[in-house]
Each structure stands twice: as structure tokens, then as C-alpha cells.
Amino acid sequence: MNAVNPYDRGQARILDVTAAWTLALLWSLPLLYAIWTAFHSPEYSTNFKLFAPLSLENFVKAWAAAPFAKYFVNTVLLVTMILVVQLVLCTLAAYAFAKYDFRLKGVMFALVLMQLMIMPDVLIVENYQTMGKIGILDSTLSIGLPYMASAFGIFLLRQTFKSVPKELDDAAAVEGAGVLQILWHVYVPLGRSVYLAYALVSISYHWNNFLWPLIVTNTVNSRPLTVGLQVFSSTEQGVDWAIITAATLMTSGPLLLGFLLFQRQFVQSFMRAGIK
Amino acid sequence: MIMAFTHYPAINTFISSFFLAGKGGAASEFVGLENYRFLLEDKIFWKVLKNNLIFASCTIPLSISLAMVMAFLVNAGLPGQAWLRLSYFVPTVLPMIAVANIWLFFYTPEYGLLEQVRRFLGFSGVNWLGSEKTALYCVIAVAVWKDAGFFMIFYLAALQQIPPSLGEAAMLEGASRFYYYRRVVIPLLMPTTLFVLVNATINAFRMVDHLFVLTQGGPNNASSLLLYYIYEVSFKFWDTGYGATLTLVLLLFLGLASVLQFGVLEKRVHYR
């Protein structure tokens, strides 16, 4: 643990502790509430009793009420597909930007960076028409396509590749390795932690993404979890909160679990993502 | 690929903003500045724009200052630090759409959690999301809750770069705690604040997921935001030409944010 500055010691601490925990309670209240409701039968949704019997019935009901299994498959497929293509494309592009000189390199890089501001989620109207033109509306591919060339990934990897000393490159070339071999055996292993960080950010972003998938999909065959959840909770179910919270938890469950397991890496990856 | 999904659509948006979408397969018709004229007269557009500006001017300062406070607290070596960090950060990882479901319950009239608390305190009921006065602010609260923990991470990273010896020196000089934070720590966090500010601005114009669950922009567009209005115009009324015109307005705001970003980058070079 790093040293603490002296202003954070002494009596001020009592105040700090109170403030910190009040805020933490406030911040986790929605989630705690959802967990409570999901694991108890509906009559306890608005009526809190410490020893109310636990039940898994809500999950069973929610699971049966909508094709969540299909949604899960779709989401996992989507997230994996995007990540794999992103990693390949960004690696190649970043390598080109980091190690080669070509005409208009500066302009091209600036054009790439523009995507950091104008993300695909904003250009929904045009992107929708593009998808219509190539005839892949309502497919997992159409959800992922606009995100596959990620400016953020290119930028992050370019920074990493730039810090690789030229000597390593040359040494590998002397050994007779081709460009792609060098990339694969020298650069990629050195960027391992950046890859991990990027993967975590990408997975959580696309697992949670909603607006664009909502627009391009309209059948169970391609809908990811987030869209499925919305369709599920907005159809008039007589608003059964217990079931909705159960569905909500199911949707975010895997990500939440992953977050708890990889907490350190998650936080660090977001930090790294911020240091541009 | 970036060309295909960022630049090409951005330019095309500009072009189609001059057209009126053809109904039922008919070719679109060139209407020149008609969409823009309509934009100026569109009362809903102005209302939505105003909402978005209110949304931005509430969420940005609130989430940034909360993030800063959270980072101070989490960096102070308090007991249970890991748990504190966890509870602040968790909202960031959850899908907005899922989170909105939970908040929907909080806001529900009659038996929602907020209402139960109010009734317990002896107030009369309020329809939080159903009233034009409160709907937008309910949406803002969710956005702040979601964003603050995310920005906290960046502040935390920056705080850990500040050597504790600075605090010791300030203390020896007899500076108060408040003075130390105001004159030493917060200025040192400036580059981070600028970075977070740009992100918060972009977020304020991009974040709409919770509207789908909470209010659908209502009542009477009281809580609608620009991107949500674009969605409605283009995909509910299928007026893609006008949708494109609206998208241009949105791009204008994002462009402003990016100009700011480049300003930030310039400044950062000076810092090093």
C-alpha cells in the first residue's frame, strides 16, 4: 500500500469514514435492492423482512418467460466476434502506424482518431442504411461490423508498439523472421497487458451496448441480452418486479461475476484506457 | 473500416440532410434546405436541445465533483477501502438498460422505494417519472450515479502520482486541510479534470439507453434528449432526412468537444 498523505490521518478520518460509507451505501443500494427482490418471492418486493425465505423461483419464471438462452448465445457470440476481429485489425493497423512510413500517414492517423469523438452509436441513421444496402440487417454481424475497426484499440496498441526497441526488431529480422512473424513473436507478447486491458474494456462495452443493437435487430435470432431484456420488461407482464429484477440480474450476472473475479485488472484497465 | 462507418456516414449524413425520405420505396426527393427550415420551426427540437443542455450542465459538474470526492475518500487509506472502491465502481460495469430497470422501481408511484420513504416521512405522493417537472431530473440522477464511479478511476490514478511529501510540507507550513486540497491537490489534478470533462461532455450527448426504460422521452418530451429524438424521428417516423439533419446538430456538439480535446492535448504537451 502506498503512503498516505498526513491530511488523511487524525480526526478528519472519522468524518471521512462516515462520508465514504454513506456514499457507498447510496451507490450500491440499487444493486442490493435488485438482489434482494430477485431472491425472494414477490410479496417481499416492497416489504422487507430480514428472514424472509429465499427462493430461486423468480429466475426460473424469468428464464421461461423469454428466450434468454438464445439471447445469451447471441451476446457471447457477438462479444467474441467483435473482440477477435478488433484484435487482429487493430494489431495490424497499429503496427503499420508505429513502424512504417507511408504517404499521408499523419492525415490518416488523424482520420482514425476522429472516431474517438464520433462513435458509431451516434451515426445510427446512416449506418442503418448501409446495413440495409449490404443486406445483413438483423444479424449478429450487423451489430458488430461498425465497431470492428476501433480507433481506440489502434491508438492504444500503437503507443505500446512504439515503445518496443528497434534492436529487437532487427535481431528477429537477422534470424530470418518475416514481418508477420516478427509481429507475432516480438510485438504481441510484449503488449500482453495492453491486450488484456483492451479486451476487458471491449467486452464490457459490447455486452452493455444497447441502442445500435436495438435498431438493427428485430427478431429473437439476433437480439443480444440488453435488447432482449428491454423487450421483455416493456411488454405488459402486469409488472412483476421480482421477475424483472431476476431477469435484470441474469443479464448483467456474467459481467458482474467477471468483474468481481478480475476486479484489479478491470480497474487497472480502465485506468490505462484513460491515460492517452 | 473506420472510413465505412465513421467518415462515409458522416458525409452522407450531411448530404441526406438535404433530402426528404421517400415514403414506401419511392426515391427520396431533393428538398434543399427544407429540413433545416423545419428544424428551426420544430418546437420539439428546441425543447429536446434545451433538455440536453440542462442534462449536460447537471450531469457534467455533478459527476465530476462526486468522482473527485470519491477518489479522495478511496485514496485516504480508510478501512474497507476495497469495498468502497467496489461499490462506487460497480454501476459502471452494469448494462445501463439493466440498471434502468432497477431505478424504474425506485421511481414507481405508490409503492416505489422513493415513495415509501416519502410516505414514511409524511409527504404526499409524487409521480417522479410521470411529471414534466421531475422526469428530466430523475434521468439525470441515474446518469450521475452511473458515471461518477467511472471518472473516479481516472482521479484515483492521478492522485497516486502525487507524492505524500507534498502534504507533509503543506502541513509543516501550517496550511489547513481544506487549503491544501484547494490550492495543491485540485490544481495538480487539472489535466485529469480536462480529460474527464471532455469524456463527460461526449457522454452527455450520447447516453440515452436509460430513456428507453424510464420515460421514453416523456411526458410530453420533457425528458427526451437529442440522440433519443434522432432515434424517434428516424426509426419510429422513418423520416431519415430530418434524422440526418438532427444528427448533424449532434455532430456539431461532439465536434466542439473534440476541439476542446485537442486544446487539452496541446496543454498537456506543455505540462511535460
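**Figure 1. The two chains at a glance.** Accessible areas come from the Shrake-Rupley method with a 1.4 Å probe, and for residues only the protein chains shown count as cover. This is a predicted model, where local features need pLDDT of at least 70, side-chain atom pairs count only at pLDDT 80 or more, and totals for chains, interfaces and linings use all residues, while side-chain values use heavy atoms, with hydrogens and water left out. Residues are numbered from 1 along each chain as its sequence is written, and chains are lettered from A and ligands numbered from 1 in the order in which they are written. Chain A exposes about 12,900 Å², with carbon and sulfur atoms supplying 69% of that. For chain B the exposed area is about 12,100 Å², and carbon and sulfur atoms account for 67%. Now for the building blocks (helices, H or I of at least four residues, and strands, E of at least two, are DSSP runs numbered from the N terminus). Chain A has 14 helices and 0 strands, so reading from the N terminus just gives α-α-α-α-α-α-α-α-α-α-α-α-α-α. Chain B has 13 helices and 2 strands.

**Figure 2. What is tucked away, and who touches whom.** Of the 276 residues in chain A, 53% are buried (buried is under 20% relative accessible area, exposed over 50%, partly exposed in between; 1.4 Å probe, protein chains only). In chain B, 57% of the 272 residues are buried. Next, look at contacts (heavy atoms within 4.5 Å) between residues at least 6 apart in sequence. In chain A, 71% of these contacts link residues at least 24 apart, and in chain B the share is 67%.

**Figure 3. Helix 3 of chain A crosses helix 10 of chain A.** Helix 3 covers residues 68-99 and helix 10 covers residues 192-208; their axes come within 10 Å and cross at roughly 140° (axes are lines fitted to C-alpha atoms, for helices over the stretch in contact, and angles run from 0 to 180 degrees between N-to-C directions). That angle makes helix 3 of chain A oblique to helix 10 of chain A (under 35 degrees is roughly parallel, over 145 roughly antiparallel, 65 to 115 roughly perpendicular, and the rest oblique). The crossing is right-handed (the near helix is turned clockwise from the far one by less than a right angle; anticlockwise is left-handed). Among the residues to spot in the contact are Phe72(A), Leu83(A) and Cys90(A) from helix 3, and Tyr195(A), His206(A) and Trp207(A) from helix 10. By class, the contact of helix 3 of chain A with helix 10 of chain A has 13 nonpolar, 5 polar and no charged residues (Ala, Val, Leu, Ile, Met, Phe, Trp, Tyr, Cys and Pro count as nonpolar, Asp, Glu, Lys and Arg as charged, and the others, Gly among them, as polar).

**Figure 4. Helix 7 of chain B meets helix 3 of chain B.** Helix 3 of chain B (residues 43-75) and helix 7 of chain B (residues 135-159) have axes that come within 6 Å and cross at roughly 40°. The two helices are therefore oblique to each other, and their crossing is right-handed. Their contact brings together 24 nonpolar, 5 polar and 1 charged residues.

**Figure 5. Helix 7 of chain B also crosses helix 5 of chain B.** The axes of helix 5 of chain B (residues 96-107) and helix 7 of chain B come within 11 Å, with a crossing angle of roughly 130°. This pair is oblique as well, and helix 5 of chain B passes helix 7 of chain B in a right-handed crossing. Helix 5 offers Met96(B), Val99(B), Trp103(B) and Tyr107(B), while helix 7 offers Cys138(B), Ala141(B), Val142(B), Ala143(B), Trp145(B) and Lys146(B). Sorted by class, that is 9 nonpolar, no polar and 1 charged.

**Figure 6. Gly243(B) has a neighbour in chain A.** Gly243(B) sits in helix 13 of chain B (residues 240-271). Is Gly243(B) buried or exposed? Gly243(B) is buried, with a relative accessible area of 0%. Leaving aside residues up to four places away in sequence, Gly243(B) touches Ile230(B), Val233(B), Ser234(B) and, across in the other chain, Val125(A). Val125(A) belongs to helix 5 of chain A (residues 124-134), where the buried residues also include Ile124(A), Tyr128(A) and Met131(A). Just after that helix, Gly135(A) takes a positive phi of about 70°.

**Figure 7. Ala65(A) and a residue far along the chain.** Ala65(A) lies in helix 2 of chain A (residues 57-65). With a relative accessible area of 43%, Ala65(A) is partly exposed. Ala65(A) and Ile243(A) are 178 residues apart along the chain, yet their C-alpha atoms are separated by 9.3 Å.
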